[in-house]
Amino acid sequence: MEPVTTSIPGVAEITRYRGDSPPDLLIEVPHGATELAHYEALASRLRSPLPLGLEQFFHVNTDFGAPEIALRTASLLARSAREARTRGVVVVRALVPRTFIDLNREIGEGAAAGMTPGLPPYITTVADRELLFSLYQQYSLAVTRAYEEVMVAGGLAVALHSYAPRSVEVPVDADIVRSLRAAYRPKVYSAWKLRPMVDLITADAEGRDLSPPGLARALRAAYAPLKIEVAENATYQLHPATMGYRHAARYRGRVLCVEYRRDLLGSPWRPFVPSLIGKRKAARLAAPLAEALDSALSARRTDDG
C-alpha cells in the first residue's frame, strides 16, 4: 500500500505507511520546515520588523535532511517483507520554521545553553505572536494525538533532528545574522566544538535514561560497520524546556531523540543558503535506524505476546 499524506496547511504533513493497521511507530520531525518556501510562506504573513537576511539564520538552524531520513526509514520499515514486525508507521513533519517559533519548546520556558528560544525576541507584534502561537497549538494537538495513537498500540516513537557540524553559540536577537557570519569565519568556526556524527539524546539532567531499553546499544552496533560515530548525550541532554523531554518523560522507555550531523547529508551542506540533500547519504543513515527500530519493535511484540 502506498503511503498516504494528509496536511494541516502551514502546520504539518502527516504521512501514514500501511494505514490499514494501527501504527506502532511514530517518527516526529518537529523542525521539519527545511525548505525556503516554508520560510517565505510564513515570513510573508508576519508584520514584525525581521532582521535583514534572516533567511540565512533559517538555513543555518533548520533540521536539514531530517525529513528525508524520517521518510526513508518509514518506507524501509513498511515494506511487505517486514509486515509481521511493523504494523504501521506514521511520520509527522512540522512545516512551521523554528526561525519564528520553535515547536519543540515549551513556550515561556527558559532554554538550555546552546538551544534557541521558543519565541525569538525579534517577533514583536501581538498579532504575530497570536498567529505563531495558534500554529504552535495546532501542531502540538496533532503530534500529541499521534503519540497517543502509537503508544496505545504498544509502539515506540523517534523524535528525529539534525544539527550543524559544530556547536556555534551566538545570541538569538536582532543581530543574529551578523553574529552568525562572524562565528562562521573559517578561523573562528574551526575553534567551535565538533559534534558527533550521530548523537542519541537519551537522558535527562539527572542522568535518568528515558529511552527504549537497548535501542541506543543497537544503534551503535548498526552504525559501526559504516564507521559512523554514535554518541549519547554528548551535545546536550533532554531539557524540561523541550517537548522532546515532555514526550520522553510521559512515555518513559518508549521515545528516542536522535540528532544527525548535517554535513553527512548535504551535497554539500552549506550554512547560509539552500543546500541539496544527498539522497544516497540520507538512505545510508536511514538503513541502520530502520534495522535497529525493526528489532526493537519485534522484541516489544514478542514480549507482549
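What follows is a walk through the fold of a predicted model, from its overall build to a few local details of the backbone.

Taken as a whole, the protein is built from nine helices and eight strands. For a chain of 305 residues, a compact globule would be expected to have a radius of gyration near 19 Å, and the value for the protein is 19 Å, so expectation and model agree. Along the principal axes, the C-alpha atoms fit in a box of roughly 55 × 40 × 40 Å. Buried residues account for 55% of the 305. As for contacts, take those between residues at least 6 apart in sequence: 80% of them join residues at least 24 apart. The accessible surface adds up to about 13,500 Å², with carbon and sulfur atoms contributing 52% of that.

The eight strands sit in an open sheet with mixed pairing, and reading across it gives the order β1-β2-β4-β3-β5-β8-β6-β7. The edges are taken by β1 (4–8) and β7 (230–232); each has a single partner strand, so one side of each lacks a neighbour in the sheet. Direction aside, neighbouring strands are turned against each other by 20 degrees on average. Towards the β1 end of the order, β2 (residues 12–17) pairs with β4 (residues 89–94) in the antiparallel sense, over six bridges. Within that pair, Tyr17 has Val89 of β4 as its bridge partner.

Strand β8 (residues 255–261) deserves a closer look. Which of its residues are buried? Seven of the seven are, so the strand is largely enclosed by the rest of the structure. Val255, Cys257, Glu259 and Arg261 point one way from β8, while Leu256, Val258 and Tyr260 point the other way, and the burial holds for both sets. The charged Glu259 and Arg261 are thus listed among the buried residues along with the rest. On one flank, β8 pairs with β5 (residues 156–163) in the parallel sense over seven bridges, and here Ala157 stands opposite Val255. With β6 (residues 198–201) the pairing is antiparallel and uses four bridges; in this case Asp199 is the residue opposite Glu259.

Among the helices, α4 (residues 126–152) offers a simple check on geometry. At 1.5 Å a residue, its 27 residues should span 39 Å, and the end C-alpha atoms are 38 Å apart, which agrees. Just past the end of α4, Gly154 takes a positive phi of about 80 degrees.

The loops hold a few details of their own. Pro9 sits in the loop between β1 and β2 and counts as exposed because its relative accessibility is 70%. Although 86 residues separate Pro9 from Leu95 in sequence, their C-alpha atoms are 8.4 Å apart in space. Another proline, Pro268, is found in the loop between β8 and α9 (279–304). The peptide bond joining Ser267 to Pro268 is cis, with omega at about -10 degrees.

Positive phi also turns up at residues other than glycine. Lys227, in the loop between α7 (215–223) and β7, has a phi of about 60 degrees. With 72% relative accessibility, Lys227 counts as exposed. On the other side of β7, in the loop that leads to α8 (243–250), Asn233 has a positive phi of about 55 degrees.

Conventions. Residues numbered from 1 in each chain as written. Predicted model: local features only at pLDDT ≥ 70, side-chain atom pairs only at ≥ 80, totals over all residues. Heavy atoms only, no water. Pairing = 2+ DSSP bridges. Helix = DSSP H or I, 4+ residues; strand = E, 2+ residues; numbered from the N terminus. Axes fitted to C-alpha atoms, helices over the stretch in contact; angles between N-to-C directions. Rg over C-alpha atoms; globule rule 2.2 N^0.38 Å. Buried < 20%, exposed > 50% of the residue type's maximum accessible area, 1.4 Å probe, protein only. Contact = heavy atoms within 4.5 Å. Areas by Shrake-Rupley, 256 points an atom, 1.4 Å probe, with all protein chains shown as cover. Expected span 1.5 Å × (residues − 1).
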